[in-house]
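Please look over the sequence and the 3D structure shown here. The briefing then takes up burial, salt bridges and the ligand.

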Amino acid sequence: MIIVLNNKSNLSKDEFLDYQEQLKDISSIHNLVLCPTLLNINLFNLNNFNLGAQNVSCYDDGQYTGEVSARDLYDSNVRYTIVGHSERRKYQKETNEEINKKIKKLIENDIKPILCIGETKEERDSNKVEEVIKTEILEATKNIAKEDVEKIIIAYEPIWSIGTGVIPTIEEIDNVNNMIKSILPRNIILYGGSANEKNVDILNESSTIAGFLLGGLSLKPEEFKIFIEKLKSVN
Ligand code: PGA
């Protein structure tokens, strides 16, 4: 499985250095990826994790104030990058078109995109899950070669589950993941949204989840260790 820790906008420099000390003794058969804040990326020094970023510019290096290019992320040893997180879609008004450009830049620079998709509660209640997921996938992968599309890691994150403590049923997750597989049969699919050491036993019952994107739990090393220990070894 791939387990991605998304620190979001958390952990000052000193806090991050202390945090890394708490993560360094974790050993796992799973592929662990840590996505710190941009400023903490160059402080990363863990051998048991791969390094990820939470965002990337849709442009190359140049006159783009405040942006960080995929080339520069790669240069700082970033090998995975989250794109299209619902918080960026909401607060930065990130569109599927921009997400598509970002994915292209990441692939050109040998960084694996982790594409977040998922529906709001209103969309679920009005039976629009399939429509939302299909649109997000098709627009994000537009004009990208099939072999490159297969490199994208999909993170199914129902927006109503992020940070709320509420998770969908396994049937609901597997239904969406199977629908994703009908469009992208070869892509890895992660689940994200309130996954933790208490509900991992339930999540282990899914036949379609190949890893997790963890927000809140990423900030709790002790609970994260329990989560990793309880996680089933294969999917
Ligand atoms: P959460 O966040 O684990 O705190 O729900 C997940 C995410 O936003 O990726």
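A residue counts as buried when its relative accessible area is under 20%, as exposed when that area is over 50%, and as partly exposed in between (1.4 Å probe, protein chains only). By this rule Glu197, at 11% relative accessibility, is buried. The model is predicted, so local features need pLDDT of at least 70 and side-chain atom pairs count only at pLDDT 80 or more, while totals for chains, interfaces and linings use all residues. Residues are numbered from 1 along each chain as its sequence is written, and side-chain values use heavy atoms, with hydrogens and water left out.

**Salt bridges**

- A salt bridge is a side-chain nitrogen of Lys or Arg within 4 Å of a carboxyl oxygen of Asp or Glu, and the structure holds 20 of them.
- Glu197 pairs with Lys198 in one salt bridge, at 3.5 Å from N to O.
- Lys198 counts as exposed because its relative accessible area is 67%, whereas Glu197 is buried.
- Asp25, Glu222 and Lys225 are joined into one network by salt bridges that share partners.
- Asp148 and Lys151 form a salt bridge in which the closest N and O atoms are 2.7 Å apart.
- Asp148 has 18% relative accessibility and therefore counts as buried, and Lys151, at 40%, counts as partly exposed.
- Arg71 and Asp72 also meet through their side chains in a salt bridge, 3.5 Å from N to O.
- Arg71 is exposed because its relative accessibility is 53%, and Asp72, at 31%, is partly exposed.

**Residues around the ligand**

- The residues around the ligand (those with a heavy atom within 4 Å of it) include Lys8, His85, Glu157, Ser161 and Leu213.
- This shell divides into three nonpolar, seven polar and two charged residues.
- In that count, Ala, Val, Leu, Ile, Met, Phe, Trp, Tyr, Cys and Pro are nonpolar, Asp, Glu, Lys and Arg are charged, and the others, Gly among them, are polar.

**Ligand contacts and cover**

- A polar side-chain atom of Lys8 lies 2.7 Å from a ligand oxygen atom.
- Polar backbone atoms of Gly163 and of Ser194 each lie 2.7 Å from an oxygen atom of the ligand.
- Taken alone, the ligand exposes 280 Å², of which the protein buries 95%; such areas come from the Shrake-Rupley method with a 1.4 Å probe.

Note on methods: A polar contact is a pair of N or O atoms within 3.5 Å; within protein, one must be able to donate a hydrogen and the other to accept it, and residues adjacent in sequence count only if both atoms are side-chain atoms.
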